Amino acid sequence: MDFAQRHIGPAQPAVERMLQVVGYDSLDALTGAALPAGIAAKTALDLPPARTEDEALAELRALAGLNTVATSMIGLGYYGTHTPAVIRRNVLENPAWYTAYTPYQPEISQGRLEALLNFQTMIEDLTALPVAGASLLDEATAAAEAMTLARRVKGSVSRGDGSIFIADDDCLPQTLAVLRTRAEPLGITLVTGAVTPELIAAQPAGQVFGVLLQYPGVSGEVRDLRPVIGAVHDAGALAILAADLLALTLITPPGELGADIAVGTTQRFGVPMGYGGPHAGYIAVTDTLKRQLPGRLVGVSVDADGDPAYRLALQAREQHIRRERATSNICTAQVLLAVMAAMYAVYHGPEGLTAIARRVHQQAAALQAAFNDIGYETGPYRFFDTVRITMPGGARAAAARAAEAGVNVHVASEDVVQVACDETTTDAQLTAVATALAGRPVTLPAAAGPAVVPGDVSAADGPAADGLAAVRRTSPFLVHQVFGSYHSETAMLRYLRSLADRDIALDRSMIPLGSCTMKLNAAAEMEAITWPEFAGLHPLAPANQTAGYRRLTDDLSAALLEITGYDAISLQPNAGSQGELAGLLAIREYHRAQGQPERTVCLIPESAHGTNAASAVLAGLRVVVVKCGADGAIDLGDLQAKLDTHASALAAIMVTYPSTNGVFEESIGEVCAAVHAAGGQVYVDGANLNALVGLARPGEFGADVSHLNLHKTFCIPHGGGGPGVGPVAARAHLAQFLPGPVYREGPIDSARHSGAPVAAAPYGSAGILPISWAYVRMMGADGLRRATQVAILAANYLARRLDEHYPVLYTGRGGLVAHECILDLRPITAQTGITAEDVAKRLIDYGFHAPTMSFPVAGTLMVEPTESEDLAELDRFIEAMISIRHEIAMVAAGEYSASDNPLRNAPHTASMLISGDWKHDYDRETAAYPAASDRRSKYWPPVRRIDQAYGDRNLMCSCPPPEAFQ
């Protein structure tokens with residue numbers, strides 16, 4: 001059996017039965033009827049022949065073999081780390097964790113939410129700041145989000161004040177690059193330099209709204225930043241520290257220095273470098289800033305019984321509500337990587353983390369001492385893990401000698417080599433790099449010495465005791481019970497299992513989320529991401545060590561261009577939101593290059609994804625909303641009126657195709673032509689590409705640029721809300737404006753792409769690109785086309801069978817939908833009071849994750865079955881929905897009370913059912929076992945329905961004390 005038959009759920013007999021229900025005799029007939037005339041692909045996909053799993057993995061092995069895994073001592077925000085095997089196997093390689101979706105249905109996400117609460121508590125404790133988010137995309141993104149947060153709090157574009165943001169030149173170069181990208185469209189003046197109280201005081205009064213400092217700096221220096229932070233506050237600005245978490249076990253944390261915000265990465269907490277990503281960034285803030293926090297925040301609320309329950313807090317900030325008023329377009333996190341980092345802290349505990357940090361510091365101190373002994377000038381005086389060695393005119397030659405010895409170091413200048421130690425550094429490697437750099441044998445003092453006694457702070461600094469003494473940490477951290485309870489592998493294994501058991505992921509059942517494309521993440525696709533040749537590379541590794549990655553990214557880029565019909569692509573954006581921003585920035589820069597900087601209006605349909613408007617605002621564009629008609633399609637009359645009004649200022653239109661309403665709009669060609677005629681560009685949001693692959697190409701039917709969600713259409717797992725990859729593809733005239741090099745040497749496509757970088761690493765989340773490479777390779781052209789056709793068939797089969805029970809809100813040609821459909825519950829709610837939320841919670845009792853609730857239309861459910869679900873699972877979901885409709889009818893008929901019925905009380909927990917005090921109008925069996933066939937594999941939700949409002953009113957975002965559960 002070929003891979004496509006494994007990936008696509010319904011076999012041919014099932015496809016034929018589904019086609020019969022929908023009323024077509026073949027997949028070609030169905031999709032030919034569904035797609036509007038004129039948008040079909042001009043040619044079939046031209047891709048390499050499909051490979052079997054074994055063949056594809058053999059090819060990946062060959063590509064991996066072209067990479068060289070050297071010892072990395074480059075630093076600059078990326079470090080070697082040991083991923084504990086119990087975490088690698090039971091989180092990163094466990095489908096219970098990597099196939100889960102964002103915890104928007106918190107009752108069935110309690111395990112993930114607890115893990116994220118651990119993450120937040122870890123960040124809060126290490127930074128000594130009271131509120132932390134549930135992760136951001138990377139350190140550079142976190143710094144950019146901190147900058148815009150500070151602008152919201154301290155500045156005002158309308159008043160013309162607070163326009164200056166200062167970043168220390170000892171910040172990571174990738175962070176400075178992304179700050180430049182994000183600052184310019186928002187009218188922020190970015191000032192870089194050696195930040196001192198004098199530099200801050202020299203700025204115009206009232207104009208500085210924030211200052212970013214690196215702690216420790218790129219140079220390795222650990223400064224006592226209290227005087228500078230005092231000057232920041234004197235200027236009326238916010239102080240932001242980009243802090244190394246491992247260093248914070250030894251040095252004074254940002255909150256105790258007086259910082260308002262801390263940002264950084266959690267990569268060195270057990271997450272492989274992965275050639276730059278994915279890694280979980282972090283942000284933590286003071287209490288007064290907590291309601292300005294970007295991204296996601298996990299909080300503690302209560303359920304219907306008053307018991308503690310976790311949820312996403314402050315969801316009103318989400319882009320689908322705020323749209324053009326959104327202050328961030330970040331709608332995903334890096335949940336899977338955040339879970340790994342949190343569990344690394346749980347597994348090691350505070351003593352273990354401190355011991356790792358001490359050893360790292362002692363090794364760096366030993367290296368510095370050795371070079372001092374043989375007459376080299378070294379620095380800085382106060383450091384954690386990084387040593388600078390001055391070699392006048394000889395830095396590059398010394399680095400070349402180190403590379404010959406199998407060690408990569410950082411050339412800071414022609415005269416300075418920089419060496420960073422990490423958790424994986426051995427004494428033998430330290431001796432090897434010292435000998436290679438010096439060009440002669442070097443004897444190091446005992447670098448690590450005997451095992452450090454937990455709590456023996458005096459032993460932390462070794463040869464540099466005087467240096468760190470002034471900034472040594474004295475406050476405790478990670479004191480919550482969870483960080484002291486799971487230090488044996490047995491205990492950690494059981495803890496991870498207990499958390500996973502509380503959740504519903506794809507390993508349990510279908511997740512029919514509209515707009516989210518929760519399809520199979522095949523084990524063969526996942527297998528290569530933990531191979532050292534892909535996981536163990538630093539993003540600044542020399543080009544001669546990364547040939548395999550270049551081949552892989554070239555192959556994947558070529559396939560994605562063939563699929564989409566575009567001419568150029570950048571793989572750098574590490575989320576769909578980043579891809580959106582990159583595409584809109586490319587349009588903005590194109591108009592500027594054409595001498596038309598006044599083109600700043602972005603048209604966005606009412607039905608668009610919420611991130612679209614937020615991305616446009618961040619790109620410096622002005623959003624104008626275009627109405628949709630009763631059929632859910634763009635109102636062509638309103639579009640033309642908006643084009644006429646804004647003709648000279650039009651930059652672009654941003655549309656999703658198929659539309660967010662789940663249909664192939666007939667007018668897409670007319671829309672593209674009208675916008676082009678008015679001088680604008682067409683951005684097609686690639687979120688729904690799963691309905692187009694092999695059938696139509698955006699680059700052919702009129703689009704100029706799109707982002708692609710590899711975590712949707714191309715099988716990178718959602719991981720509970722991240723990682724994601726959002727490459728941006730464009731036609732030739734926009735190619736030069738796509739995201740380009742972050743570093744001087746840049747990615748391989750830097751000759752074609754000179755646009756501003758949007759992520760920290762050249763290839764963003766490169767470490768998970770083998771997943772999409774394997775998917776495309778194993779599916780081949782025919783498999784990809786059939787997957788699209790079966791996705792469309794599954795959605796229409798489901799719509800046809802459910803329409804008499806829940807009307808399908810929008811349809812296209814021939815009454816057909818695309819790859820998803822919207823079920824309209826508003827008439828049911830008006831008649832019975834039963835809401836879409838009631839249906840969503842009742843589905844939990846049937847063992848299902850709910851469809852997307854109240855998006856894009858309030859009071860509806862948006863369902864996307866994907867091609868991966870077989871007919872039995874589709875029918876199981878349909879039967880559950882029909883059964884729930886019968887329960888609603890009983891409410892309408894008065895057989896169930898409107899206020900006390902199985903829907904209003906859903907979901908039902910085991911503890912609720914074993915209670916002796918059962919006073920409901922329906923029996924316990926109806927509550928717990930609405931589908932009799934599921935008795936043996938029954939999923940029991942750990943909590944009852946959660947009180948969302950209570951959680952927002954009583955915001956608690958760290959691990960609750962154990963007695964809260966008693």
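This text walks through selected strands, a helix, cysteines and backbone turns of the structure above. The model is predicted.

Start with the strands. Strands of a sheet pair through backbone hydrogen bonds, either parallel or antiparallel. Strand S11 covers residues 378–379, and strand S12 covers residues 386–390. The two run antiparallel and are joined by two bridges. Thr-378 stands opposite Ile-389 of S12. Between S11 and S12 lies a hairpin connection of six residues. Pro-380 sits in this loop. The peptide bond leading from Gly-379 into Pro-380 is cis, with omega near -10 degrees.

S12 also pairs with strand S14, residues 416–420. That pairing is antiparallel too, over five bridges. Thr-386 has Ala-420 in S14 as its bridge partner.

Further along the chain is an open sheet of three strands. Its order is S22-S24-S23, with antiparallel pairing. Strand S22 (821–824) and strand S23 (852–853) stand at the edges. Each has a single partner strand, so one side of each is left without a neighbour in the sheet. S22 pairs with strand S24, residues 860–863, through four bridges. Within that pairing, Cys-821 is matched with Val-863 in S24.

Now the helices. Helix H22 spans residues 576–593. Its 18 residues reach 26 Å from the first C-alpha to the last, close to the 26 Å expected at 1.5 Å a residue. Of those 18 residues, 15 are buried, so H22 is largely enclosed by the rest of the structure. Gly-595 follows H22 and has a positive phi, near 75 degrees.

Helix H5, residues 85–92, holds Asn-90. Is Asn-90 buried or exposed? Asn-90 is buried, because its relative accessible area is 18% and the cut-off for burial is under 20%. Leaving out residues up to four places away in sequence, Asn-90 touches Trp-97, Leu-493 and Leu-496. Val-671 is another matter: its C-alpha is separated from that of Asn-90 by 48 Å, and the two are 581 residues apart along the chain.

Turn to the cysteines. How many disulfides are there? The count is zero. Take Cys-602. The closest cysteine sulfur is in Cys-672, 14 Å from the sulfur of Cys-602, so the pair is too far apart for a bond. A disulfide here requires sulfur atoms within 2.5 Å. Cys-628 is in no disulfide either; its nearest cysteine sulfur, that of Cys-602, is 14 Å away. Both residues are buried: Cys-602 has a relative accessible area of 0%, and Cys-628 has 17%.

The backbone has some further features to look up. Most residues other than glycine have a negative phi, and most peptide bonds are trans. Tyr-275 is not a glycine, yet its phi is positive, at about 60 degrees. Tyr-275 lies in the loop between strand S7 (261–265) and strand S8 (281–285). With a relative accessible area of 8%, Tyr-275 is buried.

Leu-478 also has a positive phi, near 50 degrees. Its loop runs between helix H17 (465–469) and helix H18 (489–500). Leu-478 counts as buried, at 2% relative accessibility.

End with a second proline. Ala-906 and Pro-907 are joined by a cis peptide bond, with omega about 0 degrees. Pro-907 is in the loop between helix H30 (871–892) and helix H31 (910–914).

Key:
Residues are numbered from 1 along each chain as its sequence is written. This is a predicted model: local features need pLDDT of at least 70, side-chain atom pairs count only at pLDDT 80 or more; totals for chains, interfaces and linings use all residues. Side-chain values use heavy atoms; hydrogens and water are left out. Two strands pair if DSSP finds at least two bridges between them. Buried means under 20% relative accessible area, exposed over 50%, partly exposed in between (1.4 Å probe, protein chains only). Contact means heavy atoms within 4.5 Å. The expected span of a helix is 1.5 Å times one less than its number of residues.
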